[in-house]
Amino acid sequence: MARGKNYINQDERRDHFQKIEKIKKEKRSVRGRNEDDWIVDSLEQNKSKIEIKEYIKNLLKNGMRRGRVIEVQKRNIFIAEENEKGLPETENLWLCSVAKRHFQRAHKERNFVVVGDRILFEPDSTIEFDTEGQPLNTDLPRGVVQHSFARTSKISRKDPMHPDWEHVMLANIDLVVIVASVLNPEVRWGLVDRFLVQAELEQIPAVIVLNKVDLLTNTNLANAEFLETYKRRVEIYRNIGYEVVEICALKPKKTPESVKQLRRLFKGKLVGFAGHSGVGKSSILNLMRPEFEQIVDENPEIFYKGRHTTTYNSLLQLDIGAYAIDTPGIRSFNISQYDAITLSHCFPEFRPFKCKYRECSHDHEPSCGVKEALAETKISYERYRSYLGILKGLSFREGEGDSTDAGMIADLKARVQMRDEEQLKNKNHENIGEEQLKEIMRIKVEEE
Ligand SMILES: Nc1nc2c(ncn2[C@@H]2O[C@H](COP(=O)(O)OP(=O)(O)OP(=O)(O)O)[C@@H](O)[C@H]2O)c(=O)[nH]1
Ligand SMILES: [Zn+2]
């Protein structure tokens, strides 16, 4: 069976994406992407938009400054002052603490201030300034964070230490860069899917970057079966409409087009890097001409002198007209459980298919458009399985199971073929194959 051709057709996809783009734009303007339309500080929540603008104007007149959080180390918040365009000037650093009145919240909420947040801070009263408003006689001027602006977007996971808490990893980003390595370590497609769900939920565009493609030519590491499964995966995401960039960050001359493509994609944006440990996030970032070369700092001891490497999330200016937040590699990325409607919306390839029931979870219900699409291979089994896993809150062991997908797919296809043959025989289109599909899916999910 030809792969890739049976997905949503191009026209449908274009219509579909145009619709989403429109919704995104509307949502953005409601959220006030470029406007300082409200502040999180509870004291100000009842003010109207105009009142708040006026209020901020007054605060700024009275010495308060705008900043962007570029690193948070325990109670120390490193801030880059923002210029009139709202862009962080990363050479203009401040070391801040949180205002006393926020202590209780800051103590309770791990996410009170995170990298990427836009804030208003008050310089220490002892600081003297030059005529340009630059602090005099101080290495790293001090200040106090007084207000923070509502986030326009975020990527968060379940806090690994406290599963009931949310851990916001990236805030206010314009693009999520999901980095994985094809081998060493092998791509955790489940992890990629969970990041994509978060990006869809927040309506942040996402790009999947597959690094270390040099290893694909190593026949000891990548046999024919591995390559086939890998290629199929790449095709699945490209067919959905996601940008997939295959790159060799170690020897970028091997993939010059990919380097250019990333530079193009990053330009003018604040991009957030996300991915498993050791996949090459820092190596890729280094190709984007950052203000500091990224190295993995084994022994972080410099605290007050300024910034260092990827022990903490860190916002950097790139010399290609962009900003990036580098994150230290994570070991787990579990996300909250969502209801079926929300979650299936986060799988864009499911959206065109209609089910009998509006609240269909695409699991056991009859006349389910998604499962019909699955049987017709318009939706990939791999992504469907991911969807069910997230829906049911199952924690797939990342990476595992992926290599057996080829077998599972062959099995599914055989079943679908059987169903088709039976359909022909019985000429009864209602619910045929439903039980069979359900059974396969159940078995596969329970096997995880
Ligand atoms: N073979 C190969 N190795 C690579 C490539 N890119 C990076 N590496 C290696 O992969 C390892 C991890 O690279 P990093 O850039 O530190 O990865 P990271 O994702 O930033 O890692 P964390 O800081 O732990 O999150 C290093 O030993 C790199 O040399 C590549 O394209 N090919
Ligand atoms: Zn359904």
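**Cores, a parallel sheet and a zinc site in a predicted model**

The largest nonpolar core of this predicted model has 67 residues, and those with the most contacts inside it are Leu210, Tyr230, Tyr237 and Tyr387; a nonpolar core is a set of buried Ala, Val, Leu, Ile, Met, Phe, Trp, Tyr and Cys residues joined through side-chain atoms within 4.5 Å, where buried means under 20% relative accessible area (1.4 Å probe, protein chains only). Helix α4 (residues 189-202) gives the most to this core, with seven residues; helices are DSSP runs of H or I with at least four residues, and strands are runs of E with at least two, numbered from the N terminus. Residues are numbered from 1 along each chain as its sequence is written. Local features need pLDDT of at least 70, and side-chain atom pairs count only at pLDDT 80 or more, while totals for chains, interfaces and linings use all residues.

Strand β9 (residues 206-211) is mostly covered, six of its six residues being buried. Ala206, Ile208 and Leu210 lie on one side of β9, and Val207, Val209 and Asn211 on the other. In a regular strand the side chains alternate between the two faces of the sheet. Strand β8 (residues 175-181) runs parallel to β9 and is joined to it by six bridges, strands being paired if DSSP finds at least two bridges between them.

The zinc ion (ligand 2) is coordinated by Cys355 (SG), Cys360 (SG), His362 (ND1) and Cys368 (SG), at 2.1 to 2.3 Å; donors are N, O and S atoms within 2.8 Å of the metal (3.2 Å for Na, K and Ca), and sites may look incomplete because water is not among the atoms. Cys368 is buried, with a relative accessible area of 2%.

Technical notes: Chains lettered and ligands numbered in written order. Heavy atoms only, no water. Buried < 20%, exposed > 50% of the residue type's maximum accessible area, 1.4 Å probe, protein only.
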